[in-house]
Amino acid sequence: MIEPTVRPLADLAQRDHDVIVIGGGIHGCLAALDASRRGLRVALIERDDLGGSTSWASHRILHGGLRYLQSLDFARARASIAERRWYLRTFPDLTEPLRCTLPLYGDGLRRPLPFRAALTANAIIGARRNAGVPRANKLPIGTVARPSDDVNPHARRDGLLGFGVWHDGLIRSHARLTMETVRWIAHLGGMVARDARAVSLRTSRGGVTGVVACDPATGIEHALKSAVVINAAGPWCHELASAFDPAGTGASSPRSIAFNLLLDRPAPNGAQAVSTPGPDGHTYFLVPRHGMMMAGTTHAEGDAGPSPAHVRAMLDGLNRAAPSLELSADDVLRVDSGVLRSIPNDPAEPADRAVIVDHARAGGPAGLVSLSGVKYTTARADAASAVAFAVGRRRLVHRDRPPADALTRDLNLTDPAWARRADWDAAALRALAEREGVRTLADLMFRRTEWGQDPRGLEALGERVGRALGWETTRIGQDLSDLVQAGPPAGPMSDPEPSAEEPATP
Ligand SMILES: Cc1cc2nc3c(=O)[nH]c(=O)nc-3n(C[C@H](O)[C@H](O)[C@H](O)COP(=O)(O)OP(=O)(O)OC[C@H]3O[C@@H](n4cnc5c(N)ncnc54)[C@H](O)[C@@H]3O)c2cc1C
């Protein structure tokens with residue numbers, strides 16, 4: 001009998017917990033992991049599927065914080081390097097070095113001399129960047145390449161002075177990174193449930209006593225008990241904090257959308273930055289994704305969309321930044337988007353600092369902590385701070401990730417090309433689906449594996465997977481429409497342009 005890593009919500013109501021974490025994105029998963037590694041009994045609840053919201057849309061770059069050197073923020077650069085190292089060291093099977101190249105056109109830091117100086121500072125700050133990292137994931141120091149060096153073939157050539165070249169990390173599969181984190185939490189005795197929406201906070205004499213959670217499909221509620229609750233609900237963090245502590249949370253921040261385009265172009269060699277002309281040119285990173293090209297990230301005001309007009313505006317920007325791509329709407333295979341907290345005086349600019357609120361300090365319920373993070377890269381550190389706020393500093397008693405198991409070894413979960421060729425071990429596939437709480441084909445192909453990452457031929461692949469799982473034809477048929485819906489947003493790509501020039505961030 002295989003021990004489940006994802007359990008029904010009812011199971012979590014059967015015992016008292018030391019900490020309940022709300023939200024199964026990267027911040028919630030790593031908060032639950034941090035508390036588990038400190039020897040606490042943890043419950044993690046996610047209202048939908050684990051890792052399926054903002055975290056799923058990430059560009060997957062583990063940033064070493066080179067950009068923070070521009071504002072001389074050495075502390076942040078050092079912290080980012082440490083967090084990048086943590087991923088490269090802890091998940092060597094799911095991460096890899098990513099060579100990044102930035103064309104230098106002569107503005108500010110983007111000139112060969114200042115860039116070389118920044119790389120030197122980065123090498124000093126990052127002297128321990130490879131400590132404990134397996135050989136294959138060790139990162140070399142950066143350099144400046146000549147314009148004639150063929151390191152970034154899509155960059156505009158006019159005014160080109162050279163290229164900044166450095167290394168960051170790339171997450172090969174964030175679906176597996178989420179599920180491996182969940183497996184680790186379960187291994188340490190934590191309990192994880194999906195389809196478990198936190199609806200109210202229970203308190204007694206000013207302190208937290210637990211959370212009422214419900215399965216959105218059945219409406220059945222369960223009371224979970226704990227004196228500590230960490231709200232890590234991502235873009236919905238403030239709403240939940242206001243519901244749980246109406247007097248204490250203050251004004252909410254505006255929100256913005258962020259999105260990337262999966263393009264029908266060959267994968268670039270590493271992350272290649274391309275910028276639109278001019279001193280305020282926008283920069284996009286072209287990043288490899290399973291033989292295709294993922295381009296991003298674009299930010300826009302509001303929390304709806306992106307609309308076809310947003311997508312078109314990004315394609316125009318990409319064509320100005322990298323004319324050789326010659327992109328049209330037909331080249332967009334998928335749009336991955338998420339909602340981010342943005343800064344109050346510029347609603348299209350994403351916030352760049354995590355916010356952690358210990359509600360008791362402002363007269364709210366004791367034991368309630370809210371965590372709103374800003375980067376996948378720094379999620380572990382911010383999650384650890386939130387846990388420390390909630391339970392005080394505690395010793396790390398469990399260091400190591402549990403060893404890989406036969407089930408995940410038997411199935412190549414991180415390779416869409418393998419899935420198309422594979423003659424699966426159907427029993428292993430069924431066992432994995434059962435252990436990891438798979439309910440739909442989209443769960444399995446997007447959030448347990450990388451198999452759905454290539455949208456081409458997805459329907460046929462989904463049908464084969466459904467049959468291998470032993471599912472009825474009608475169930476497979478219903479699920480297939482969810483799978484193919486993950487394409488570009490519906491509607492003509494010739495919608496009016498959005499009014500604001502779209503800003504992009506490196
Ligand atoms: C397009 C894009 C590209 C990005 N690229 C990068 C990158 O390359 N590198 C990087 O470091 N960062 C990147 N980021 C930022 C990073 O992805 C986010 O900061 C991070 O994923 C946010 O994680 P989270 O856990 O806070 O939120 P989420 O992943 O949204 O998780 C919050 C979870 O809470 C759940 N929830 C909400 N309410 C409840 C409730 N009442 N009960 C139970 N569960 C609830 C939601 O369903 C959700 O799953 C990118 C973001 C976007 C959008």
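**Note on the aromatic pairs and the ligand shell**

1. W86, Y87, F91, W184 and Y376 are joined into a cluster by ring pairs. The model is a predicted one. Across the whole structure, a search gives eight aromatic pairs.

2. One of the pairs is W56 with F446, edge-to-face, with 5.6 Å centre to centre and 65 degrees between the planes. W56 sits in the loop between β2 (42-45) and β3 (61-62), while F446 belongs to helix α12 (residues 441-448); the pair thus links distant parts of the chain, 390 residues apart. W56 and F446 are both buried.

3. F91 and W184 also form an edge-to-face pair, at 6.5 Å centre to centre with 70 degrees between the planes. Here the loop between α3 (74-90) and β4 (95-104), which holds F91, is linked to helix α5 (residues 174-187), which holds W184; the two residues are 93 apart. F91 and W184 are buried.

4. The ligand is surrounded by 36 residues, of which E46, T54, S55, I61 and T377 come nearest. The shell comprises 16 nonpolar, 15 polar and five charged residues. At least three of its residues come from each of domain 1 (9-55 + 175-253 + 351-391) and domain 2 (97-171 + 255-348).

5. By element, α2 (26-37), β8 (197-204) and β12 (255-263) each give the shell at least two residues. The largest share, three residues, is that of β12.

6. Polar side-chain atoms of S55 and S53 lie 2.6 Å and 3.3 Å, respectively, from an oxygen atom of the ligand. For I61, a backbone N or O atom lies 2.9 Å from a ligand nitrogen atom. The ligand taken alone exposes 1,000 Å², and the protein buries 97% of that.

Notes
Residues are numbered from 1 along each chain as its sequence is written. This is a predicted model: local features need pLDDT of at least 70, side-chain atom pairs count only at pLDDT 80 or more; totals for chains, interfaces and linings use all residues. Side-chain values use heavy atoms; hydrogens and water are left out. A residue is near a molecule or strand if one of its heavy atoms lies within 4 Å of it. A polar contact is a pair of N or O atoms within 3.5 Å; within protein, one must be able to donate a hydrogen and the other to accept it, and residues adjacent in sequence count only if both atoms are side-chain atoms. Accessible areas come from the Shrake-Rupley method with a 1.4 Å probe; for residues, only the protein chains shown count as cover. Helices (H or I, at least four residues) and strands (E, at least two) are DSSP runs, numbered from the N terminus. Ala, Val, Leu, Ile, Met, Phe, Trp, Tyr, Cys and Pro count as nonpolar, Asp, Glu, Lys and Arg as charged, and the others, Gly among them, as polar. Domain bounds come from an automatic or database domain assignment. Rings of Phe, Tyr and Trp (its six-membered ring) pair if their centres lie within 6.5 Å; planes under 30 degrees apart count as stacked, over 60 as edge-to-face and the rest as tilted. Buried means under 20% relative accessible area, exposed over 50%, partly exposed in between (1.4 Å probe, protein chains only).
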